[in-house]
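User: Could you take a close look at the salt bridges here, and at the contacts they belong to? A connected walk-through would suit me better than a list.

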Amino acid sequence: STWNPVLLFHLRLTSFHTFVYLFYILMFVIMPLHNNKTSRESLKMDLLADVSLLPGEERVIDKDIIYICPFSGALKGKVFITNYRLYFKSSDDSAVMLNVPLGVICRVEKMGGASSRGENSYGLDITCKDMRNLRFALKQEGHSRRDIFEILFRYAFPVSHGLSLFAYLSQEKYEENGWNIYKPMEEFRRQGLPNDKWRISFINKSYELCDTYPTVLAVPYKATEEDLRKVATFRSRGRIPVLSWIHRENQAVIARCSQPLVGMSGKRNKDDERYLDLVREANGTSKLIIYDARPNVNAVANKATGGGYEGDEYQNAELIFLDIHNIHVMRESLKKLKDIVYPNVEESHWLSSLESTHWLEHIKLVLSGAIQVADKVSSGNSVVVHCSDGWDRTAQLTSLAMLMLDSHYRTLRGFQVLLEKEWISFGHKFASRIGHGDKNHADQDRSPIFVQFIDCVWQMTKQFPTAFEFNERLLLTILDHLYSCRFGTFLYNCESARDQHEVRLKTVSLWSLVNSSNDIYLNPFYTPESGRVLYPVASMRHLELWVSYYIRWNPRIRQQQQSPVEQRYKELLALRDEYLKKLEELELSDSPSSHLAHSSTSNTSLPAPSTPSQQYTHLQTPF
Amino acid sequence: MLSLGSGGGKSAKPSFVSYVTPEEINSEKDTPKEEKHPDLLPGEVVFCSASTVLKLTQDELSQRGTFGTLLCTNFRVSFISDEETGEETAPLFKNKLYGENDIPLSCVDNIYGGYEDKRKLVTGSQVKNKYPSKIIIHCKDLRVFQFALTFCKEEDAKRIFQGIVHHCLEPKSLKNIFAFSFCENTAFPEMQMQQRTMMFDSAEDWAQDLKRTKGSCRLVTENANFGLSPNLPQYFIVPESVSEADMTLFQGKGLPIWCWSHHSGCALFKTSNLPLQQEDNVPQSYMEKMLTAVAHNYLYSVKTEDLSDTLPTVQDIQLSYSKFKQFFFIDSTTDFWVSDMKWFSSLDNCGWLDIIRQCLQKAMEVVECLEKENNNVLIMEDGGSDLCCVISSLAQLMLDSYYRTLQGFQSLVQKEWVAGGHNFLDRCNQLHLKDKENVSPVFLLFLECVWQLLQQYGPAFQFSETYLTVLSDSIHVPVFSTFLFNSQHHRASILRQADSSHSQRGTLNCPTVWDWSVQFDCKAQQLFINPLYAEKPKLDKSMRRPHRPKHQRQLSLPSATFKTPPKKGFFKDETDSLKKILRVKRISRWMLSPDSPQPSSTSREFYEAWQRKPLDYHGLLLPCLDGPAVRIWMQRYLRWIQEVQIFGGGLVTVLSKVSDLLDEVQELQRQLDRHSSSLTSNHQRPRPRPISAETDSRLSVLLSSSFPFTTLKNNWSYKPAIPTGLLQSLMNSGNLADTEDDDQESLVRA
């Protein structure tokens with residue numbers, strides 16, 4: 001479907017109205033206070049002209065401030081805070097601008113005191129979740145930072161203050177409703193389910209079996225609802241093994257779950273054992289492979305808290321540990337990475353410093369785990385994947401393996417389905433991991449598991465630049481809105497919580513934004529190849545730091561809107577279209593009879609639409 | 001037949017596995033098969049050969065491989081498989097001189113003897129009657145070959161081992177280098193100078209380059225027969241005010257040789273250092289005179305830089321590279337994954353990337369002096385033909401987009417390196433001398449730096465990564481005159497000798513490396529062209545920016561930063577001591593200690609000011625030297641390693657799409673041209689061909705990230721490479737999930 005220009009225009013208008021309104025406030029409320037020269041006034045107009053407020057976004061405060069830019073030094077300017085963002089523009093001609101959704105703020109602190117000595121020593125220190133820190137200085141007299149600090153604290157952490165997240169205030173309207181992108185039944189049907197081995201169960205329709213699972217589950221045909229209930233008692237938080245993906249040809253499946261509740265005494269559960277054997281039996285796999293994402297020691301340690309792993313009593317099953325570390329290790333690793341890239345990139349011994357963060361090593365482990373899963377499944381062997389609770393490492397492994405196995409998930413919409421399904425509906429605890437609107441920055445539940453997953457996806461797109469329909473920009477957009485709280489997509493920990501807070505009714509989906517302007521997220525080099533399994537190379541030789549995400553705030557790293565390869569390709573496409581058109585015109589003027597034949601050949605030689613201009617030509621072609 | 005790249009590894013099982021016992025082979029040997037020979041090149045002679053040699057696949061631990069004949073000729077070590085090679089389709093990217101199982105003698109880096117479990121480096125001298133069961137050859141182009149001799153006759157094995165060791169490792173005289181017998185027996189068509197690479201072996205070439213850059217210096221032709229000094233090129237350019245007497249005073253040492261002129265008028269010169277510490281002050285006053293001459297070139301300004309002081313020495317370069325290259329000689333899959341864990345820190349510790357960074361940094365400082373401050377620059381160095389060549393050619397690449405075209409680049413190498421007297425023969429050790437003091441991959445270092453620029457600013461270069469890789473390989477193909485001599489004088493004297501001994505044949509006509517048709521057919525040569533490169537747009541009136549200065553490369557900085565007003569008579573004020581002058585005007589504003597290549601803050605400013613401007617691929621280019629920006633030249637170093645090949649992936653999948661589209665656009669352009677020409681003659685036009693069908697056939701060659709050096713022979717039905725040894729660095733305990741089917745039992749919890 002296409003986006004509606006009229007609607008977009010309407011949106012523009014709304015924000016324009018807001019702007020006019022704000023401008024009036026500024027002119028009549030604030031201006032008289034600052035009796036400045038006209039040049040200053042025009043500057044203020046410029047300042048505001050840049051902010052196009054979102055529908056539902058409201059100004060809260062603005063203030064003269066000094067931004068201590070780690071790259072350009074102290075910059076005088078104006079900060080402007082709304083219920084959605086912090087906006088800063090410098091007043092000198094350096095044109096430094098900040099546009100930070102308040103959702104990315106992790107921590108706000110006061111810096112210095114009223115009696116602090118030294119220039120710019122009094123102000124605010126803001127730590128962000130997206131690999132940067134912001135530092136502002138204010139005038140030392142008159143408690144000048146008190147109001148802005150309180151406002152920031154309140155609006156950046158609305159949940160801690162009993163306020164609504166911006167997603168609930170936003171009035172954005174889009175042509176497409178992104179909440180419709182994922183329909184569990186449709187997705188199961190696409191995979192060829194239900195069939196004679198797998199059935200769809202609605203046992204969890206009111207989240208009674210498992211409050212962190214989706215309502216619709218695919219389970220072995222032979223397992224009764226009673227079986228499922230019994231199994232749920234033996235799996236951590238009732239997260240029973242259910243089907244995530246089935247291989248069309250060989251019927252091998254990827255099933256996911258949480259750890260069995262073995263405990264110190266080494267409890268057994270016949271129902272669980274029999275249930276896993278049903279998973280194995282479904283395609284006649286001789287040995288069910290159970291991938292435990294954790295390191296062996298961690299799995300053992302989990303016994304002390306009632307968890308554990310499948311023991312010898314599981315007949316026809318084989319357990320393999322994938323040695324992926326837990327959320328705390330990942331959090332510390334990313335913290336170390338931030339230390340070496342922000343604000344300045346570590347200069348001496350960069351590679352050794354990078355290695356010491358272990359970030360890429362973790363990426364390698366996750367990817368190679370997923371490769372093993374994909375490899376087993378594509379050779380006809382069903383697998384079960386779990387970690388402790390089955391919502392962090394398990395989600396990484398199943399979704400990456402599915403991305404390798406199923407080309408549908410490499411399309412723009414397919415990828416959205418993958419995220420909705422494996423991450424959102426299966427209860428990756430976004431709220432806990434990200435801490436949306438929560439002032440508690442030191443919470444031990446925070447962890448960049450989803451960022452790590454997106455990094456893995458980026459590594460794959462890097463290695464297979466023609467295999468994905470979407471581009472890097474989509475990945476960046478997803479990560480930006482993972483924090484922004486502008487959309488409901490990543491809010492809350494699980495489906496039951498989302499239902500309770502009516503996310504789908506009261507907020508806009510990120511996919512509404514993406515699918516309403518999807519051409520900017522398309523990879524022009526995309527070459528659909530269904531049925532091909534993509535195995536990335538999980539070697540440090542190929543893994544690279546995602547500079548355009550982790551180091552994007554550094555102005556020394558050239559940020560290209562478009563890769564030069566992409567740019568060149570688009571130029572050539574435009575040139576080709578121009579030449580084809582010219583040729584056609586020449587033919588037409590020459591011999592009208594040959595025109596039809598030619599135009600048809602030229603049309604067939606056009607590849608899949610990839611540029612905006614081409615999109616238009618296609619749209620205008622009557623069918 | 002198995003190629004080195006796609007054989008081996010547990011993932012792709014070789015098609016041929018030998019289960020034959022040695023006895024069976026020996027009995028078979030009684031009816032000797034006709035000795036297999038490769039298609040010998042003109043002038044190529046077989047020294048020795050051995051049959052039933054087993055060429056092992058990459059994985060050292062397996063004993064799989066292919067049987068065949070191993071030969072040593074005066075050009076190469078060659079392996080000819082006994083297997084029919086009919087199934088193999090002609091590779092797209094075939095070198096006409098040597099195949100995938102050939103190793104040119106000078107391409108051999110090290111030979112190891114495999115004795116049971118041990119391997120020993122063969123140095124040449126200790127070879128008596130012993131011979132190893134296995135010969136392992138590491139090549140300078142990073143290939144690894146392993147030949148098992150256990151199935152050969154003892155005599156054959158001994159002979160071939162000694163032959164290979166002798167011809168690859170023992171010192172030889174220049175006249176025994178294959179180029180001479182090859183060229184004697186080959187008539188090369190006069191190299192088609194269709195687009196003309198300037199060889200800088202004539203006064204015209206120098207005059208033309210001087211004119212192109214609008215330089216105002218003096219072209220010296222008096223050394224055409226090396227009458228002035230054998231150390232100087234036949235033709236060269238000096239500042240206007242240098243006299244003939246100046247040129248001969250120190251055999252050309254200390255003489256500022258012109259490299260390039262900036263459009264402002266200032267210019268880049270290079271020189272070799274004068275012998276130091278002489279009691280009389282002749283050298284000092286001479287140097288002052290020369291500096292004054294350089295300063296006179298433009299507005300009495302000069303900055304000097306002694307590269308011997310601020311950059312690594314040729315020995316440092318050699319040492320670092322010899323550590324670096326070892327990372328790419330992978331003997332087994334286990335090796336590969338073990339070394340994967342410490343990959344980044346290993347790279348860091350060998351310092352190779354850091355040397356690259358330092359060279360680019362230094363070149364950028366030179367560029368800053370020329371571009372921003374409009375100072376004349378004189379770079380100097382003890383010999384004047386190593387780092388001077390690196391820095392001057394890098395600076396020119398950054399400043400002058402002409403040198404980023406294919407022909408321009410080749411001309412640059414001719415100017416700075418070949419005419420500039422880089423000691424290719426000694427540095428590349430083409431004669432296998434035991435004394436390796438002079439050996440150093442300086443030219444390779446330059447290519448590495450160029451690759452960094454190419455990698456950062458792809459669309460600015462007309463040539464491709466593949467071109468650079470092939471050029472780096474060609475250094476070790478002993479056929480091209482380009483890399484065989486230490487200087488123009490050396491070349492002239494050798495060729496004169498050769499001519500007199502073969503009087504009947506006129507001058508020896510060795511091809512230069514730029515004669516690419518000697519190695520590659522036209523189709524393969526197309527891969528040298530970078531599809532991202534777009535020619536400088538012709539000045540079209542409708543184009544934007546009519547006010548642009550005539551030199552596209554000019555960097556217009558905010559006027560405030562142009563703060564170096566030319567000081568008239570600057571030198572006259574302080575002629576007291578040469579040392580003082582040098583110190584005052586050094587480029588280096590800080591003393592560079594080897595382990596802190598921190599760019600100075602001002603050159604950081606220069607970079608940042610440039611970076612804020614919109615990027616003009618035909619203008620000035622400055623490399624980004626931040627940690628993540630300096631990378632490994634993956635194509636060159638990782639192309640033969642099975643484990644890192646991305647099947648159906650890599651940047652090539654994108655580039656090939658661009659280049660197909662480019663072909664299509666060019667075809668359409670031709671059709672349009674034909675159209676417009678036929679309109680006048682009113683002829684029947686050929687119908688426009690459906691283009692996509694033709695281009696699709698090219699895509700049918702399955703691509704891998706090592707393209708074009710290895711291509712997939714079977715399709716994508718392969719097993720993924722699954723890392724092993726993951727635990728070592730991250731975990732302190734636990735057993736690794738190995739992926740071998742046989743081993744899985746042990747990994748199920750105990």
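Analyst:
**Salt bridges, from one helix turn to the chain interface**

A:Glu187 and A:Arg190 sit 3 residues apart, about one turn of the helix, and both belong to helix 4 (residues 184-190) of chain A. Their side chains meet in a salt bridge, with N to O at 3.0 Å. Please keep in mind that this is a predicted model. The two partners differ in cover: A:Glu187 has 5% relative accessibility and therefore counts as buried, while A:Arg190, at 26%, counts as partly exposed.

A second pair in chain A joins separate elements. A:Asp125 forms a salt bridge with A:Arg135, and the closest N and O atoms are 3.0 Å apart. Because A:Asp125 lies in strand 6 of chain A and A:Arg135 in strand 7 (residues 133-137) of chain A, the pair ties together parts that are 10 residues apart in sequence. Here A:Asp125 counts as partly exposed at 22% relative accessibility, and A:Arg135 counts as partly exposed at 37%.

Strand 6 also leads us to the contact between the domains of chain A, which is divided into domain 1 (41-163) and domain 2 (178-558). To this contact domain 1 of chain A gives 22 residues and domain 2 of chain A gives 25 residues. About 2100 Å² is buried between the two domains of chain A, 63% of it on carbon and sulfur atoms. On the domain 1 side, A:Phe71, A:Lys129 and A:Met131 lose the most area to domain 2 of chain A, together 38% of what that side buries. How many salt bridges are counted between domain 1 of chain A and domain 2 of chain A? The count is 0, alongside 12 residue pairs in polar contact, both at pLDDT 80 or more. The elements giving two or more residues to the side of domain 1 of chain A that touches domain 2 of chain A are strand 5 (105-111), strand 6 (123-128) and helix 3 (146-156) of chain A.

Chain B offers a pair with a long reach in sequence. B:Asp331 and B:Arg119 form a salt bridge, the closest N and O atoms being 3.1 Å apart. B:Asp331 is in the loop between helix 8 (314-326) and helix 9 (333-341) of chain B and B:Arg119 is in strand 6 (residues 118-122) of chain B, so this pair ties together parts 212 residues apart in sequence. B:Asp331, at 8% relative accessibility, counts as buried, and B:Arg119, at 28%, counts as partly exposed.

Salt bridges that share partners also build one network from A:Glu347, A:Arg556, B:Arg604, B:Glu608 and B:Asp626. One of the links across the chains is the salt bridge between the side chains of B:Glu608 and A:Arg556, at 3.3 Å, N to O. Between chain A and chain B the count is 8 salt bridges and 26 residue pairs in polar contact, both at pLDDT 80 or more. Several elements of chain A supply at least two residues each to the side that touches chain B, among them helix 7 (296-302), strand 13 (317-321) and helix 20 (564-590). Helix 20 of chain A gives the largest share of that side, 15 residues. In total, 77 residues of chain A are in contact with 90 residues of chain B, and the two chains bury about 7700 Å² between them, 58% of it on carbon and sulfur atoms.

For the overall tally, a search of the whole structure finds 75 salt bridges over all chains.

Notes. Residues numbered from 1 in each chain as written. Chains lettered and ligands numbered in written order. Predicted model: local features only at pLDDT ≥ 70, side-chain atom pairs only at ≥ 80, totals over all residues. Heavy atoms only, no water. Domains from an automatic or database assignment. Contact = heavy atoms within 4.5 Å. Buried area = accessible area lost by both parts, 1.4 Å probe. Salt bridge = Lys/Arg side-chain N within 4 Å of Asp/Glu carboxyl O. Polar contact = N/O pair within 3.5 Å; in protein donor to acceptor, adjacent residues only side chain to side chain. Helix = DSSP H or I, 4+ residues; strand = E, 2+ residues; numbered from the N terminus. Buried < 20%, exposed > 50% of the residue type's maximum accessible area, 1.4 Å probe, protein only.
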